[in-house]
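Welcome! Take a moment to look over the sequence and the structure, and then we will walk through a few parts of it together.

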Amino acid sequence: MKITYYGQSCFHFDMGGTKVLFDPFITPNALASEIDIDTIECDYILLSHGHTDHVADAEYLLKKTGATLVATFEIVSWYQKKGIENVHPMNTGGKVHLPFGTVKMVNAIHSSSLPDGTYAGSAAGFVVESAEMSFYYAGDTALHMDMKLIGDRYHLDFALMPIGDNFTMDVEDALVAANYVNVKKIIGMHYDTFPYIEIDHVEALELARRQQKELILMEIGQTLEL
């Protein structure tokens, strides 16, 4: 499994040749200015919620690549009005079997509206089970007890969690969440993009080390092979 980080909460997964992109916010992100989105290939685009810092490049990439959009019913309906035809609407608690594995839409505690203010349904996260690995993409969320259900029901290899505080969990809460979902490896997201969510990397890594967790803070454009 290859994971490429494009900043904020945008990750590109190559799972057995199927390319999956989460929450594309690239061109408006000054930290990702060196990323050429025209080089990004994707078969599926998963959106956790409707905020601009998660969907800014979704319409462009959906139309350019022909990827299938996977998101809440409300988000899918909004994009269908923009001419997006390849879609799979979901809602919290549902799952879908896709070529790369099973995607379960799980609860996230966060608000959700689309760039024009349209209601976007509930914010969500995803549990992905593939032939290679299983992981939890938390989306934007607060720490919540439903995460314990994920730990009870799934055997995860790692989790992607927001750590920037202010709008989401901070590092300390993410470490508690890691215990809830029973993972040792956390890939951080939703940090540093804006002044509100800038973090101290050294402090964050040390907090994780003390709790015997591996916190990975990827560089934008970096590819990690797991």
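Glu129 stands opposite Ser134 in strand β10. This is a predicted model, so please read every position here in that light. On another neighbouring strand, Thr102 stands opposite Glu129, which belongs to β9. Glu129 is therefore a handy place to start, as its partners are Ser134 in β10 and Thr102.

## Strand β9 and its partners

Now let us widen the view to the strands themselves. Strand β9 covers residues 124-130. How many of its residues are buried? Of the 7 residues in β9, 6 are buried, so the strand is mostly covered.

Strand β8, made of residues 101-107, runs antiparallel to β9, and 7 bridges join the two. Strand β10, residues 134-137, also pairs with β9 in the antiparallel sense, this time over 4 bridges. To get from β9 to β10, the chain passes through a hairpin of 3 residues. One general point may help when you look at side chains here: in a regular strand they alternate between the two faces of the sheet.

## Salt bridges

Next come the charged side chains. Side chains of opposite charge can pair when their charged atoms come close. How many salt bridges does a search of the whole structure find? The search finds 6, and the table shows three of them, including the N to O distance for each.

| Salt bridge | N to O distance |
|---|---|
| Lys19 with Asp14 | 3.8 Å |
| Glu59 with Lys63 | 2.8 Å |
| Lys82 with Glu59 | 3.8 Å |

Glu59 appears in two rows of the table, with Lys63 and with Lys82. Together, Glu59, Lys63 and Lys82 are linked in a network of salt bridges.

Where do Glu59 and Lys63 lie? Both sit in helix α2, residues 58-65, and they are 4 residues apart, about one turn of the helix. The bridge from Lys82 to Glu59 links distant parts of the chain: Lys82 is in the loop between α3 (73-80) and β6 (87-90), whereas Glu59 is in helix α2, 23 residues apart.

How well covered are these residues? Partly exposed means a relative accessible area between the 20% limit for buried and the 50% limit for exposed. Glu59 has 25% relative accessibility, so it counts as partly exposed. Lys63 is partly exposed because its relative accessible area is 47%. Lys82, with 31%, is partly exposed too. In the Lys19 and Asp14 bridge, Asp14 counts as partly exposed because its relative accessibility is 23%.

## The chain as a whole

Finally, let us step back. The chain holds 6 helices and 14 strands. Its radius of gyration is 16 Å, close to the 17 Å that the globule rule gives for 226 residues, so the chain is as compact as a globular protein of that length. Along its principal axes, the C-alpha trace spans about 50 × 40 × 35 Å.

Buried residues make up 56% of the 226 residues. Among contacts between residues at least 6 apart in sequence, 60% join residues at least 24 apart. The chain exposes about 9,800 Å², and carbon and sulfur atoms supply 47% of that area.

Notes. Residues are numbered from 1 along each chain as its sequence is written. This is a predicted model: local features need pLDDT of at least 70, side-chain atom pairs count only at pLDDT 80 or more; totals for chains, interfaces and linings use all residues. Side-chain values use heavy atoms; hydrogens and water are left out. A salt bridge is a side-chain nitrogen of Lys or Arg within 4 Å of a carboxyl oxygen of Asp or Glu. Buried means under 20% relative accessible area, exposed over 50%, partly exposed in between (1.4 Å probe, protein chains only). Two strands pair if DSSP finds at least two bridges between them. The radius of gyration is taken over C-alpha atoms; the globule rule is 2.2 Å times the number of residues to the power 0.38. Contact means heavy atoms within 4.5 Å. Accessible areas come from the Shrake-Rupley method with a 1.4 Å probe; for residues, only the protein chains shown count as cover.
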